[in-house]
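Morning, everyone. Let me put the model up, and then we'll walk through its pockets and one stretch of strands.

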Amino acid sequence: MPKIMTLPGDGIGPEVTAAAVAVLREVAPDLSFEEHPLGGVAIEQSGEPFPQATQDALKGADAVLLGTVGGAQNSPWNALPRHLRPESGLLRLRKALGVYANLRPVRVQPGLEHLSPLKAELARGVDILIVRELLGGIYFDPDRKIEGDTAYNTMRYTTPEVERIAKVAFWAAEQRRGRVTSVDKANVLEVSELWRRDVTALRDREYPRLHLNHEYVDSVAMLIVSDPGRYDVIVTENLFGDILSDLAAVIPGSLGLMPSASLGDGAGLYEPIHGSAPDIAGQGVANPAAAIMSAAMLLRHGLDRPHLAAKIDGAVSQALREAPTRDIGGAASTQEFTSAVLRALDRAAVG
């Protein structure tokens, strides 16, 4: 019986996680679930954003389903030392799991092009997969420091780190349209020169049939919203990936439509990319679509059940048309949207 560890977290996290678990129970009744605290709620309970009991529980999990982490800007959690803040717990979770490849699909649902801030002709058919390196670069610099009036963080990558994330991107492209765009800033950064050299060498050596091009991050920031159809798979380092994936998230029309999977050599981490939205927490109006689609990615990548993942994705598409939530112009509550997904799954089973 596969064991799923749930980390509902903060804000709307418990609400959207409950929706995702309800859908998983419907399509895969053999799964077992075990809940643990992470982030602000863990700080309140134990004084640590990533408690030892949560760390220990990871060892027996086949996959981890995360809600959201963090509070409002004025939250007292943000006044704590950096290593005790909710977001530090998330970074430590990623490192503990060894998840180095973050997959963020950016898809505009057919018939929902009007939700995008882009013109319909630009939004129609957009299907991008952003592969972000997750355990290296400037976010994990061990020498980071503030010294008086000076502060520094260092961006650092090694060839093995570059090659392992590039392999994920090339693997994904083989299953899609065969095109990879590697994003860097090689005109001014030595670390990007290494990145570009190693990605090219790997493609030439192991994936010669795939098309590879290199683009600067500032150019991609413009083109991803002015000509998104040019992209299939985008691979980049941690900082650039963080920024570009959030920028691309506006294309479908709501962060509530953006799932993610973080993969490594063991249990993967699956989570919606939206924040904790403390202003609407507890009101039952959060859009659970991204959490539910993250659960679909869990089935696809973590448990090798792509047929069940496809069923969930199809049911979410139907529910988005039948019972849209407030963030996408509708009035459905979190529970009403979840019920619409479950009804769509039932109809599919009958059909």
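By class, how many nonpolar, polar and charged residues are in the lining of the second largest pocket? Ten are nonpolar, two are polar and four are charged. Keep in mind that this is a predicted model.

Let's stay with that pocket. The volume of the second largest pocket is about 340 Å³. Its lining counts 16 residues. Nearest the centre you'll find L103, R107, L129, R300 and H301. Four elements give two or more residues each to this lining: β4, α6 (159–174), α10 (289–302) and α11 (306–322). Helix α10 has the largest share, with five residues.

Now the largest pocket. Here the space comes to about 1,100 Å³. The lining is made up of 37 residues. Look for E87, S88, L90, L91 and R94, which lie nearest the centre of this pocket. Which elements give two or more residues to the lining of the largest pocket? They are β3 (63–68), α4 (86–97), β4 (101–107) and α9 (238–248). Helix α4 gives the most, with seven residues. By class, the lining of the largest pocket splits into eleven nonpolar, 13 polar and 13 charged residues.

One element to flag before we move on. Strand β4 is on the list for the largest pocket, and β4 is also on the list for the second largest.

Next, the strands. Start at β1, residues 3–9. Is β1 mostly covered or mostly open? Covered: six of the seven residues in β1 are buried.

What does β1 pair with? Take β2 to begin with, residues 32–35. β1 and β2 run parallel, and four bridges join them. To find the register, go to K3: the bridge partner of K3 in β2 is S32. Between these two strands the chain passes through helix α1, residues 13–27. That gives a β-α-β crossover, and the crossover is right-handed.

Then β3. β1 pairs with β3 as well, again in the parallel sense, this time over five bridges. For the register here, use I4, whose bridge partner in β3 is A63.

That brings us back to the pockets. Strand β3, a parallel partner of β1, is among the elements that give two or more residues to the lining of the largest pocket.

To recap the linings: α4 gives the most to the largest pocket, and α10 has the largest share in the second largest. Happy to rotate the model for anyone who wants another look.

Conventions. Residues are numbered from 1 along each chain as its sequence is written. This is a predicted model: local features need pLDDT of at least 70, side-chain atom pairs count only at pLDDT 80 or more; totals for chains, interfaces and linings use all residues. Side-chain values use heavy atoms; hydrogens and water are left out. On a 1 Å grid over the protein atoms alone, a cavity is a set of points where a 1.4 Å probe fits but cannot get out, and a pocket is an open set with protein on both sides within 12 Å along at least five of seven lines; lining residues have an atom within 4 Å of a point. Grid points are joined across faces, edges and corners, and a volume is the space filled by probe spheres set on the points. Ala, Val, Leu, Ile, Met, Phe, Trp, Tyr, Cys and Pro count as nonpolar, Asp, Glu, Lys and Arg as charged, and the others, Gly among them, as polar. Buried means under 20% relative accessible area, exposed over 50%, partly exposed in between (1.4 Å probe, protein chains only). Two strands pair if DSSP finds at least two bridges between them. A crossover is right-handed if, with the strands pointing away from the viewer, the path from the first strand over the helix to the second runs clockwise.
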